[in-house]
Amino acid sequence: MRRYAVAFLGFGNVAKALARLLESRRSELAVRYGVSCQATGVASRSLGWWADAAGLTPTSPQSATRCYDIGDWLLTARPDVVFESIALDAHTGQPALDYLAETLRLGVHAVSANKGPVVYGYQRLNALADSHAKLYRFEAAVMDGAPVFSLVRRCLPLAGIRGVSGVFTSTATVVLETVERGGSIDDGIREAQALGIAESDPTYDVDGWDAVVKLCAVSNVILERALRPADVQRTGIRDLDPTIIRAAHRDGHPYRLVGRVSVDHDAVDARVQPEQVPAGSALAVSGATLVTHYDAAVFPGGLTMTSFAPDLTTTAYGMFADFLECIGAT
Ligand SMILES: NC(=O)c1ccc[n+]([C@@H]2O[C@H](COP(=O)([O-])OP(=O)(O)OC[C@H]3O[C@@H](n4cnc5c(N)ncnc54)[C@H](OP(=O)(O)O)[C@@H]3O)[C@@H](O)[C@H]2O)c1
C-alpha cells in the first residue's frame, strides 16, 4: 500500500467536497490503486498555513505546525499532490499562479480547480511540470469536472478542432431563470450562492468574466491559441431588461449567456454575450446544467457534451480524476 500525502490549498466548497469524495472512495483507492490517502497540509486565507507530514485533520488543523508561506508549508507538509482551489482572480490568476509554480518547482503534482492560472500561466506551469516530471492538471476549471481537457487530450487527438462554444457559467443561467420567474438579478445571485455554484465574487459570473476566463482557458489549451480576457468581446447579463428576459422566455427563445471561440487561420474570434436560443436546443440549458460544443473537422455536425445538473461533487470529481492520473504518473 502506497501512502499518498495530499495538501489542500484553499478549503472552501470545492475542497471540502473533494475531501468527502476522497473519504468515500477510500476502499476503492486501496483495492484498485493500492493507495491510502492522508492529508498533511491545509491552507486558506482565514485558516493560515498548517502542515504536519504525519497527517492532520483539515477541518481542525490547529494541532499541526503553523507555517508562514507556501514554501515553508510545502517543505513541512511534504505532499505528493497539492489540491489548489482558492478564489479566482480573473485579472491576474494570482496568487494561485505563484503557488502552483512553487508547488511544481518543489517536485509536487499540482491539481487545480482554478481557471485563472490556466489563462495566465498555462505554458509556464506546464513547462515547470514537465521539467520536474510532475503533472499540472485542472480538469475542474471548466464545466465543473465534466471532461473537457482530458477528453480532448485522450480522445480527440488531431480531430481538427476549430471552435468551442457553450454555456459555461451555471450561475448566469440560474440568475436568468430567476428573472424569468419574476425575481431580480440579486435574487438569482442569492439562489446560486445557496447552491454553492457562484464564484466567491458573483459579479464575475453575472458580468461574464467567469465565462470569458473559461473561454481563454479553452483557447490556450485546446485551440493552442493564447487568448487573454481583454481579447474577448464581453457582454454580461446585468444590463438585460427583465421584461425582455421574460418575454423571450415566454416566446420560446430564452436568453442564455453563451461563450464562443473559433479559429480561422491566424485569427481568433472570442465572445461572451447573452443570446436567445431556441427552447429545447442544446444551449437552452436549465439550472446548473452546462454544455460544451466542439466544432471539429472530423465531426461535420459538431460534438456536444452536456453535464446535467452538476453539483459540487461533480467539480470535486474533476480534481479526483486528475489525482488518479497523478497516481498513475508516479
Ligand atoms: N464552486 C464551484 O462550483 C466551482 C466549479 C468549478 C471551479 N471552481 C473554482 O474552484 C475554486 C474554489 O471555489 P469554491 O467554490 O470552493 O470557493 P470558496 O468556497 O469561496 O473557497 C475558496 C477558498 O479559497 C481560499 N482563499 C481565497 N483566496 C485565498 C488566498 N489568497 N490564499 C489562500 N486561500 C485563499 C478561501 O479562504 P477563506 O475560507 O479563508 O475565505 C477558501 O478557503 C475557484 O477558483 C473556482 O473558480 C468552483
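Arginine 45 reaches the ligand with a polar side-chain atom, which lies 3.1 Å from one of the ligand's oxygen atoms. Keep in mind as you look around that this is a predicted model. Two further residues place an N or O atom beside a ligand oxygen: serine 46 uses its side chain, while isoleucine 86 uses its backbone. Here are the three contacts together.

| Residue | Part of the residue | Distance to a ligand oxygen atom |
|---|---|---|
| Arginine 45 | side chain, polar atom | 3.1 Å |
| Serine 46 | side chain, N or O atom | 2.6 Å |
| Isoleucine 86 | backbone, N or O atom | 2.7 Å |

On its own, the ligand would expose 900 Å², and the protein buries 85% of that area. The space that the ligand takes up is the largest pocket.

What makes up the shell around the ligand? It holds 23 residues, and those that come nearest are Val14, Ser46, Ile86, Glu199 and Ser200. By character, the shell divides into nine nonpolar, ten polar and four charged residues. Two helices, α1 (13-24) and α12 (312-329), each supply at least two residues of this shell. Domain 1 (2-146 + 313-329) and domain 2 (152-309) both contribute to the shell, so the ligand lies between them.

Two spots in the backbone also deserve a look. Most residues other than glycine have a negative phi, and most peptide bonds are trans. The bond from glutamine 94 to proline 95, however, is cis, with omega near 0 degrees. You will find proline 95 in the loop that runs between β5 (81-84) and α4 (96-105). The other spot is aspartate 144, which is not a glycine yet has a positive phi of about 50 degrees. Aspartate 144 belongs to the loop between β7 (136-137) and α6 (149-155).

Conventions:
Residues are numbered from 1 along each chain as its sequence is written. This is a predicted model: local features need pLDDT of at least 70, side-chain atom pairs count only at pLDDT 80 or more; totals for chains, interfaces and linings use all residues. Side-chain values use heavy atoms; hydrogens and water are left out. A residue is near a molecule or strand if one of its heavy atoms lies within 4 Å of it. A polar contact is a pair of N or O atoms within 3.5 Å; within protein, one must be able to donate a hydrogen and the other to accept it, and residues adjacent in sequence count only if both atoms are side-chain atoms. Accessible areas come from the Shrake-Rupley method with a 1.4 Å probe; for residues, only the protein chains shown count as cover. On a 1 Å grid over the protein atoms alone, a cavity is a set of points where a 1.4 Å probe fits but cannot get out, and a pocket is an open set with protein on both sides within 12 Å along at least five of seven lines; lining residues have an atom within 4 Å of a point. A molecule sits in a cavity or pocket if more than half of its atoms lie within 2 Å of its grid points. Helices (H or I, at least four residues) and strands (E, at least two) are DSSP runs, numbered from the N terminus. Ala, Val, Leu, Ile, Met, Phe, Trp, Tyr, Cys and Pro count as nonpolar, Asp, Glu, Lys and Arg as charged, and the others, Gly among them, as polar. Domain bounds come from an automatic or database domain assignment.
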